[in-house]
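Work through the exercises below with the model open beside you. Try each task before you read its solution.

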Amino acid sequence: ATKNRALSLPKLTYPGFTFQGWANKDDTLLTGKQPFTEDTTLTAKFVRNYTFTFAGLDGITSDKPTLKSAAPSSEITLPAAPTARGKKFEGWSISGAGITPPKSVAANDTYTLPPAEPKEGETAITITATWSDLPKITINFQPEAGAKSVSGMPDSDVSYENEVYKLPSTR
């Protein structure tokens with residue numbers, strides 16, 4: 001760079017890491033305008049991200065949730081509640097990578113990640129869907145008096161609380 005000229009430093013990307021900024025020789029991150037009076041070496045500073053995996057999603061009828069990796073101390077927003085037949089979503093349980101004990105968080109709520117940079121190979125945070133069973137409702141069909149059964153009509157069927165049930169038809 002030429003003396004008394006502004007220097008524009010690029011923001012860098014590196015998979016699995018968040019760019020923190022540029023640091024000078026004493027490892028201090030540069031902020032705002034920085035005067036340089038001598039030749040200077042700047043070092044790109046990155047922090048390792050946390051990564052996310054989801055569990056407890058067997059049998060869901062909604063799309064599988066995802067989250068992008070995020071830096072320590074970042075605030076993440078948990079996904080909307082998934083749906084599963086016969087189950088009531090109770091919330092997300094967050095565990096792993098320095099989270100002890102596991103934390104419970106509601107759908108669409110925020111959670112602040114631990115401040116410490118995760119070690120290599122220890123970046124995984126598991127977000128588990130927690131469920132309770134909805135009451136099961138058995139629907140029995142009885143043919144008209146004198147008939148043993150109705151062709152094409154089941155003897156019984158199952159539904160769950162708050163589930164819309166469509167009656168079967170013989171037509």
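The exercises that follow concern a predicted model.

**Exercise 1. Strand pairing**

Task: Find the strands that pair with β5, and state in which sense they run.

Solution:
- Step 1. Locate β5, which covers residues 87–96.
- Step 2. Look at β8, residues 124–133. It pairs with β5 in the antiparallel sense, over 8 bridges.
- Step 3. Pick one bridge as a check. Lys88 has Ser132 in β8 as its bridge partner.
- Step 4. Turn to β6, residues 99–105. This strand is antiparallel to β5 and is joined to it by 4 bridges.
- Step 5. Check again with one residue. Trp92 stands opposite Val105 in β6.
- Step 6. Inspect the turn. β5 and β6 form a hairpin with 2 residues between them. Ala97 in that turn has a positive phi of about 35°.

**Exercise 2. Salt bridges**

Task: Describe three salt bridges, and say which parts of the chain each one links.

Solution:
- Step 1. Recall the principle. Side chains of opposite charge can pair when their charged atoms come close.
- Step 2. Note the total: the whole structure holds 4 salt bridges.
- Step 3. Take Glu38 and Lys25. Their closest N and O atoms are 3.2 Å apart. Both residues lie in the loop between β1 and β2, so the pair ties together parts 13 residues apart in sequence. Lys25 is exposed, with a relative accessible area of 72%.
- Step 4. Take Glu117 and Arg48. Here the closest N and O atoms are 3.9 Å apart. Glu117 is in the loop between β7 and β8, while Arg48 is in strand β2; the two are 69 residues apart. Glu117 is partly exposed at 40%, but Arg48 is buried at 19%. The cut-off matters here: buried means under 20%.
- Step 5. Take Asp133 and Lys87. The closest N and O atoms are 2.6 Å apart. The pair links strand β8, with Asp133, to strand β5, with Lys87, across 46 residues. Asp133 is exposed, at 58% relative accessibility. Lys87 is partly exposed, at 37%.

**Exercise 3. Aromatic rings**

Task: Classify the ring pair of Phe89 and Trp92.

Solution:
- Step 1. Know what to read off. A pair of aromatic rings is described by the distance of the centres and the angle of the planes.
- Step 2. Set the scene: there are 7 aromatic pairs in the whole structure.
- Step 3. Read the values for Phe89 and Trp92. The centres are 5.1 Å apart, and the planes meet at 65°.
- Step 4. Apply the cut-off. Planes over 60 degrees apart count as edge-to-face, so the Phe89–Trp92 pair is edge-to-face.
- Step 5. Add the surroundings. Phe89 and Trp92 are both buried.
- Step 6. Look for a group elsewhere. Tyr14, Phe17, Phe19, Trp22 and Phe46 are linked by ring pairs into a cluster.

**Exercise 4. Buried or exposed?**

Task: Decide how Ser159 and Thr51 are placed, and list their contacts beyond four places in sequence.

Solution:
- Step 1. Place Ser159 in strand β10, residues 156–160.
- Step 2. Read its relative accessible area, 4%. Ser159 is therefore buried.
- Step 3. List its contacts: Arg85, Pro135, Lys136, Ile137, Ile139 and Tyr165.
- Step 4. Place Thr51 in strand β3, residues 51–55. At 32%, Thr51 counts as partly exposed.
- Step 5. List the contacts of Thr51: Ser69, Thr123, Ala124 and Ile125.

Definitions and conventions:
Residues numbered from 1 in each chain as written. Predicted model: local features only at pLDDT ≥ 70, side-chain atom pairs only at ≥ 80, totals over all residues. Heavy atoms only, no water. Buried < 20%, exposed > 50% of the residue type's maximum accessible area, 1.4 Å probe, protein only. Contact = heavy atoms within 4.5 Å. Phe/Tyr/Trp six-rings, centres within 6.5 Å; stacked < 30°, edge-to-face > 60°. Pairing = 2+ DSSP bridges. Salt bridge = Lys/Arg side-chain N within 4 Å of Asp/Glu carboxyl O.
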